[in-house]
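Please look through the sequence and the three-dimensional structure shown here, and keep both at hand while you read. The paragraphs that follow move from a metal site to its surroundings, and then to some residues elsewhere in the chain.

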Amino acid sequence: MTVTDHHTSKDAAPAIADPRIVAWVERMAALTEPDSVVWCDGSAAERRGLIATLLDSGTLIELDPVKRPGSYLARSNPSDVARVESRTFICTDKKEDAGPTNNWAPPSGMRETLHGLFRGTMRGRTMYVVPFAMGPVGGPLTRYGVQVTDSPYVVASMGTMTRMGTAALKQIGPDTSWVPAAHSVGAPLAAGQEDVAWPCSDTKYICQFPATREIWSYGSAYGGNAILAKKAFALRIASAIGQDEGWLAAHMLLLKVTNPRGRVFHVAAAFPSACGKTNFAMLQPTVPGWTVETLGDDIAWLAPGPDGRLRAINPEAGFFGVAPGTGRSTNPVAIDTMERDTVFTNVALTDDGDVWWEGLTDEPPAHLTDWTGQDWTPDSGRPAAHPNSRFTVAAAQCPTIADDWDDPAGVVVDAVIFGGRRATNVPLVAQARDWEHGMFMGATLASERTAAAEGTVGELRRDPFAMLPFCGVHMADHWRHWLDVGAAADVAGGAPAVFQVNWFRKGADGRFLWPGFGENIHVLAWILERLEGRAEAVEGPFGYVPAEGSIDHAAAGVGDQDWGALFALDRGALTAEAEDAKAFLDSYGERVPPAIHDQLRTMRSAIDTLD
Ligand code: GTP
Ligand code: SPV
Ligand code: MN
């Protein structure tokens with residue numbers, strides 16, 4: 001079947017394409033009026049062609065082929081540098097189904113708005129049709145989607161971040177559900193008009209329709225705004241699908257750890273954006289005998305396996321990781337992963353054709369071209385790389401990628417961890433008393449804001465399950481769903497144990513009390529020893545915390561005083577924290593599961609008994 005309408009060259013749809021996809025692509029082409037339509041096959045030759053197009057348009061700059069083989073730098077428009085939470089909408093029939101944490105719009109009204117914006121939006125451009133799989137192609141947990149986009153940069157990104165192309169398309173038969181994802185940068189070209197390196201629009205809409213499993217995104221080419229397989233599909237739409245089908249979409253890294261006795265565990269951990277998932281997933285233990293391997297750094301889908309235990313896959317195929325703060329001393333695995341075949345966005349360019357960002361080396365180079373293309377020196381007084389600059393690279397390139405990272409059946413999850421950036425109050429680590437307590441930890445998670453989205457960096461906000469910007473259902477229903485799925489797993493033979501961590505507690509002098517990074521193995525080891533019944537703990541308001549001597553903090557370079565401060569309980573501050581949690585839960589109204597309120601009451605009683 002061929003795409004037929006007005007002006008120009010349209011690729012014939014592949015013969016294997018499901019007629020529903022072909023019909024949707026035809027409708028999108030008729031609406032957006034591209035000059036041409038290209039069906040992506042995911043081949044290496046196709047990628048080479050895309051890169052050539054992007055070099056030609058100035059979107060990509062080739063890096064030095066010896067220093068950084070197969071790698072490129074992209075500089076975005078300075079107005080298009082991060083996710084736009086204020087422009088992200090969950091379009092449910094009833095406003096209350098989107099819940100208090102989402103921007104809501106009625107589906108019909110939003111559809112009208114989007115149709116208006118998309119009409120003719122691809123004029124002068126190519127519409128790429130990008131079929132993709134989230135999860136190993138053909139796997140039982142894998143889901144499929146098709147994105148149309150007028151951004152070749154986004155196609156190249158989707159090619160790294162997903163299993164993209166013909167293999168995915170072939171999986172979509174007449175009975176396969178698939179998610180249509182429409183994307184435009186919102187910058188049509190008039191005849192003869194010259195393009196810019198990073199086309200985008202001041203008008204932005206990132207819209208999810210959970211009931212019809214549809215995504216529409218307009219105006220941005222950056223990260224989660226545009227790589228629609230990632231946050232829009234694998235978290236927002238997937239959280240709605242998962243609720244219907246009995247599984248969980250989580251903003252979680254996935255790692256495998258082998259202890260000194262050779263026992264293997266798998267751990268899923270939810271931290272908000274730019275709070276250390278990539279680093280934790282690539283942890284290089286400072287304690288001999290422990291090995292950590294990587295399965296995923298951002299998203300996990302958890303589903304009950306045949307034996308009822310929770311299993312998880314990483315639905316992605318690549319990393320879209322935060323560059324600043326990533327260096328040989330903090331995350332050597334990431335540094336090795338991106339030594340070749342990597343696209344960097346909004347980092348600085350060195351004079352010898354390589355990349356740099358704050359934290360890559362202790363000493364900045366004497367001269368750079370900054371992320372906006374301006375000359376930069378260490379006394380410029382501004383960052384050389386944008387704080388949300390990122391690297392895009394295939395997961396398979398990671399030297400610590402686990403052998404089971406793409407097992408279609410997923411891995412059994414032994415422990416679930418919640419973490420945030422908390423300068424005060426929250427201890428380095430605590431174990432939940434049980435699943436319900438763990439869900440309370442997730443529900444009340446709070447973190448200081450980072451540069452991963454627009455807003456004031458450092459401001460403390462609740463970020464339940466690290467899903468605040470990514471939940472396609474009412475947040476309290478998401479909690480109830482986690483409670484239910486865990487309860488079922490518990491009956492079937494064991495829900496994962498749940499923990500909370502905080503690498504970011506600060507002393508009165510403003511310095512981090514915990515060294516973090518490779519030293520986080522001390523905490524991970526305690527967590528896994530708890531699972532084996534080998535580590536002692538004492539109970540307090542946050543649950544079980546390490547007993548004296550159960551973590552060798554001196555080995556992590558932490559003195560007794562700082563160690564004490566990492567677990568200090570200030571009755572006044574914790575009372576205020578609990579008050580805030582109460583107000584937060586109350587603001588969610590009646591959908592909050594009673595178990596969550598019960599847990600807060602238990603915590604308040606424990607706080608009341610403090611000296
Ligand atoms: P998204 O991709 O936005 O979802 O973020 P992420 O959670 O994967 O963030 P990432 O691991 O890239 O971490 C971002 C920042 O956290 C970097 O600047 C790191 O240097 C910093 N970071 C990570 N781990 C630690 C740690 O253990 N201690 C401290 N102090 N900082 C850390
Ligand atoms: C995040 O912000 O959590 C990210 C980056 O992982 S983005 O894909 O842009 O959402
Ligand atoms: Mn993320």
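In sequence, the residues that donate to the manganese ion (ligand 3) follow the spacing K-x19-H-x46-D. Two of these donor residues link distant parts of the chain, since Lys-231 belongs to helix α8 (residues 229-245), whereas His-251, 20 residues apart from Lys-231, is in the loop between β12 (248-250) and β13 (252-258). It should be said at this point that the model is predicted, and that the distances and areas quoted below are computed from it.

Which protein atoms are the donors of the manganese ion (ligand 3)? They are NZ of Lys-231, NE2 of His-251 and OD of Asp-298, and they lie 2.1 to 2.2 Å from the ion. Around the manganese ion there are six donor atoms, and because the angles they subtend run from 75 to 171°, the arrangement is octahedral. An octahedral label requires that opposite donors be over 155 degrees apart and that all others lie between 65 and 115. Are Lys-231 and His-251 buried or exposed? Lys-231 has a relative accessible area of 6%, so it is buried, and His-251, with a relative accessibility of 0%, also counts as buried; the cut-off behind both statements is that buried means under 20%.

The three protein donors of the metal also appear in the surroundings of ligand 2, where Lys-231, His-251 and Asp-298 are listed together with Arg-83, Gly-223, Gly-224, Lys-230, Ser-273, Phe-320, Arg-390, Ala-452 and Phe-470. Several of these residues bring a polar atom to an oxygen atom of ligand 2: a polar side-chain atom of Lys-231 lies 2.6 Å from one, a backbone N or O atom of Gly-224 lies 2.8 Å from one, and a polar side-chain atom of Asp-298 lies 3.3 Å from one. Of the 280 Å² of accessible area that ligand 2 has on its own, the protein covers 98%.

Arg-83, one of the residues that surround ligand 2, is found in the loop between β3 (72-74) and β4 (88-90). Its relative accessible area is 9%, so Arg-83 is buried. The side chain of Arg-83 makes a polar contact of 3.1 Å with the side chain of Glu-85, and another, of 3.0 Å, with the side chain of Ser-273. Leaving aside residues up to four places away in sequence, Arg-83 touches a set of residues that includes Gly-224, Lys-231, Ser-273, Ala-452 and Phe-470, and these five are also listed around ligand 2.

Two further residues can now be considered in turn. His-474 is found in the loop between β29 (460-462) and α12 (475-492), and its relative accessibility of 5% means that it counts as buried. Although His-474 and Lys-95 are 379 residues apart in sequence, their C-alpha atoms are 9.5 Å apart in space. Among the residues that His-474 touches are Glu-96, Asp-97, Tyr-588 and Arg-591.

Tyr-544 lies in strand β32 (residues 543-546), and at 24% relative accessibility it counts as partly exposed. The C-alpha atoms of Tyr-544 and Val-154, which are 390 residues apart along the chain, are separated by 45 Å. The contacts of Tyr-544 include Val-429, Arg-433, Trp-526 and Glu-539.

Methods:
Residues numbered from 1 in each chain as written. Chains lettered and ligands numbered in written order. Predicted model: local features only at pLDDT ≥ 70, side-chain atom pairs only at ≥ 80, totals over all residues. Heavy atoms only, no water. Donors = N, O, S within 2.8 Å, 3.2 Å for Na, K, Ca; no water. Tetrahedral: all angles 85-135°; square planar, octahedral: opposite > 155°, others 65-115°. Helix = DSSP H or I, 4+ residues; strand = E, 2+ residues; numbered from the N terminus. Buried < 20%, exposed > 50% of the residue type's maximum accessible area, 1.4 Å probe, protein only. Contact = heavy atoms within 4.5 Å. Near = heavy atom within 4 Å. Polar contact = N/O pair within 3.5 Å; in protein donor to acceptor, adjacent residues only side chain to side chain. Areas by Shrake-Rupley, 256 points an atom, 1.4 Å probe, with all protein chains shown as cover.
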